[in-house]
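Please take a look at the structure shown here. A short report on it comes after.

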Amino acid sequence: MEFILESNEADIHIIFQNKSDEFLEKFGFEAKLEQTCLLPEKGLLYTGLEDDDEESVKLAAAAAIKALRGKKITSVAIDLSEKKYSKAVVEGLMLGAYSFEKYKNEKSTPVETVYLTGADADAVAQAQIVSVATNYTRDIINTTPDDATPAVIASLATELANSNNLGCVVLDTEQMEEEKMGSMLAVGRASAHESKLIHLSYTPENAKQTVAIIGKGLTYDSGGLSLKPGDFMTTMKSDKSGGCAAMGIIKAVSELKLPVELHVVVGAVENMIGGNAYKPDDVLRAKNGKTIEVKNTDAEGRLVLADCLCYAQEKIENLDSILDMATLTGACAVGVGEYTTGLMAHSKKMIKKMNKASQKSGEQVAYLPFNRFLKKLIKSEVADVCHIASSRYGGAITAAHFLDEFIEEKNKDKWVHIDIAGPAFVEREWGYNPFGASGAGVRLGVEYLRQICKKKD
Ligand code: BES
Ligand code: ZN
Ligand code: ZN
């Protein structure tokens with residue numbers, strides 16, 4: 001989708017309409033949000049806009065572009081009444097227009113050109129970067145487990161590094177053994193596809209802060225020997241969403257040229273069954289030397305993240321913040337619903353910053369508090385720690401308590417755990433998100449980084 005910042009003839013003119021009139025009412029159009037009215041003979045498409053705020057504009061723009069699906073319309077025109085909505089319109093159109101057609105023989109006709117008048121050119125350019133990065137993340141997540149193996153994710157990372165001038169290191173099994181990453185290695189052991197640790201880095205000269213984002217990159221989560229029931233296993237190609245979001249973030253941040261040193265560490269692993277699979281009752285030794293009692297091989301994400309967190313803290317100097325992103329627990333989605341991301345952290349300041357990033361980006365978040373009693377539930381009789389809790393309740397928080405075991409004392413207040421198990425992949429459209437991968441975490445992460453760059457001016 002190309003944006004041209006001048007007026008021109010287009011197939012359809014999109015009009016944001018905050019109230020209906022006698023004429024439009026004849027078509028049953030009440031100007032409600034996400035409601036549209038297409039009048040092809042007039043070359044007009046009305047999209048309802050009840051409230052005057054960015055998120056509503058984004059939803060209205062998405063509804064408009066979706067209403068043109070299958071209509072073979074290739075150009076649209078929009079007159080922006082207010083410059084401040086440039087970002088919202090571009091994101092709404094680009095995120096709303098996305099459809100994943102890699103495996104379809106018949107492809108749809110997308111809108112190719114948008115003539116946009118009254119827009120802020122910088123805001124348009126920035127929103128394009130972030131939207132392209134979100135759709136890039138969606139594409140990788142939607143790709144099937146056999147087409148997006150850990151090695152494929154690693155080669156995508158290498159390609160991204162080449163095009164965006166990033167550093168890129170990929171560790172294979174042998175190198176991870178040298179790094180003593182016994183926790184992550186156990187999870188991938190029964191897979192036909194070798195595990196990879198991917199480390200991308202963006203190091204601009206004017207960096208004001210150093211940040212690491214650690215992403216869970218389970219290219220498939222069958223549950224392992226604690227096998228998932230069939231209908232819980234489908235969609236588990238999306239268990240790489242945290243890692244793919246982290247890749248989308250570094251893509252956007254490097255193109256926006258934000259003055260922040262950013263490191264992305266992705267644990268790309270496949271959790272399968274087999275004679276050499278890791279087992280409930282195993283005790284694993286993580287990179288920081290801690291021993292972990294395994295009770296359920298389906299709680300694999302935290303085992304991968306544990307080693308990746310240790311790796312990031314050891315290899316990257318002067319970290320100002322550490323974010324981890326993961327489709328970690330079904331419990332998080334049960335607790336806050338499918339459209340919301342769970343945030344866990346020791347530092348109220350970090351939560352405040354993430355909340356602000358949530359408001360700016362439009363990604364919904366909910367803070368889930370740590371709790372000293374929940375922490376006790378991951379005690380183990382046989383190892384230093386158990387990777388799952390002894391109670392069925394509070395699963396999102398107890399998972400975070402486990403990750404906390406791998407955060408160094410000096411970094412406790414720098415860390416935020418971001419559980420995107422709900423919004424990362426939903427099997428229905430919602431707002432400007434399509435069926436399947438939403439790219440959750442990309443806009444939230446980019447906004448967070450934008451914010452901390454502003455701070456230390
Ligand atoms: N990848 C899943 C979590 C998940 C579930 C993400 C549904 C998205 C949608 C994770 O590895 C998992 O299976 N977690 C278990 C943990 C349990 C065994 C303690 C869960 O949530 O049931
Ligand atoms: Zn699992
Ligand atoms: Zn998983």
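The report below covers a metal site, one helix and several strands.

**The metal site**

This is a predicted model. The zinc ion (ligand 2) has its donors in three residues: Asp221 (OD), Asp298 (O and OD) and Glu300 (OE). These coordinate at 2.0 to 2.2 Å. Along the chain, the donors follow the spacing D-x76-D-x1-E. Asp221 lies in strand S9 (residues 210-221). Glu300 sits in the loop between strand S12 (291-293) and helix H10 (301-315). The two are 79 residues apart, so the pair links distant parts of the chain.

How are the donors arranged? Six donor atoms surround the zinc ion (ligand 2), and their angles run from 72 to 168 degrees. The arrangement is irregular because of these angles. A second metal is part of the picture: the zinc ion (ligand 3) is 3.2 Å from the zinc ion (ligand 2). Asp221 coordinates both. Asp221 and Glu300 are buried.

**Helix H2**

Helix H2 covers residues 54-67. Its 14 residues should span 20 Å at 1.5 Å a residue. The end C-alpha atoms are 20 Å apart, which agrees. At the N-terminal end, Asp53 acts as a cap. A side-chain oxygen of Asp53 lies 3.2 Å from the backbone nitrogen of Glu55.

Is H2 largely enclosed or open? Of its 14 residues, 11 are buried, so H2 is largely enclosed by the rest of the structure. Among the buried ones are Val57, Leu59 and Ile65, and also Lys58 and Lys66.

**Strands S13 and S14**

Strand S13 (residues 321-326) has six of its six residues buried, so the rest of the structure largely encloses it. Ser321, Leu323 and Met325 point one way. Ile322, Asp324 and Ala326 point the other way.

Strand S14 (residues 341-345) is mostly covered, with five of five residues buried. Thr341, Leu343 and Ala345 point one way from S14, and Gly342 and Met344 the other way.

Strands of a sheet pair through backbone hydrogen bonds, either parallel or antiparallel. The table lists the pairings of S13 and S14.

| Pair | Sense | Bridges | Residues facing each other |
|---|---|---|---|
| S9 and S13 | parallel | five bridges | Ile214 and Asp324 |
| S13 and S17 | parallel | five bridges | Leu323 and Val416 |
| S14 and S15 | parallel | three bridges | Gly342 and Ala366 |
| S14 and S17 | antiparallel | four bridges | Leu343 and Ile418 |

Strand S17 (residues 415-419) pairs with S14. S17 also pairs with S13. S9, the strand that holds Asp221, pairs with S13 as well.

How does the chain get from S14 to strand S15 (residues 365-367), its parallel partner? The chain crosses through helix H12 (residues 348-361). This β-α-β crossover is right-handed.

**A three-stranded sheet**

An open sheet has three strands in the order S11-S12-S16, with mixed pairing. Which strands are at the edges? They are strand S11 (283-285) and strand S16 (385-386), and each pairs on one side only. S11 and S12 run antiparallel and are joined by three bridges. Val283 has Glu293 in S12 as its bridge partner. S12 also appears at the metal site, where the loop holding Glu300 lies between S12 and H10.

Definitions and conventions
Residues numbered from 1 in each chain as written. Chains lettered and ligands numbered in written order. Predicted model: local features only at pLDDT ≥ 70, side-chain atom pairs only at ≥ 80, totals over all residues. Heavy atoms only, no water. Donors = N, O, S within 2.8 Å, 3.2 Å for Na, K, Ca; no water. Tetrahedral: all angles 85-135°; square planar, octahedral: opposite > 155°, others 65-115°. Buried < 20%, exposed > 50% of the residue type's maximum accessible area, 1.4 Å probe, protein only. Expected span 1.5 Å × (residues − 1). Polar contact = N/O pair within 3.5 Å; in protein donor to acceptor, adjacent residues only side chain to side chain. Pairing = 2+ DSSP bridges. Right-handed = clockwise from strand over helix to strand, strands pointing away.
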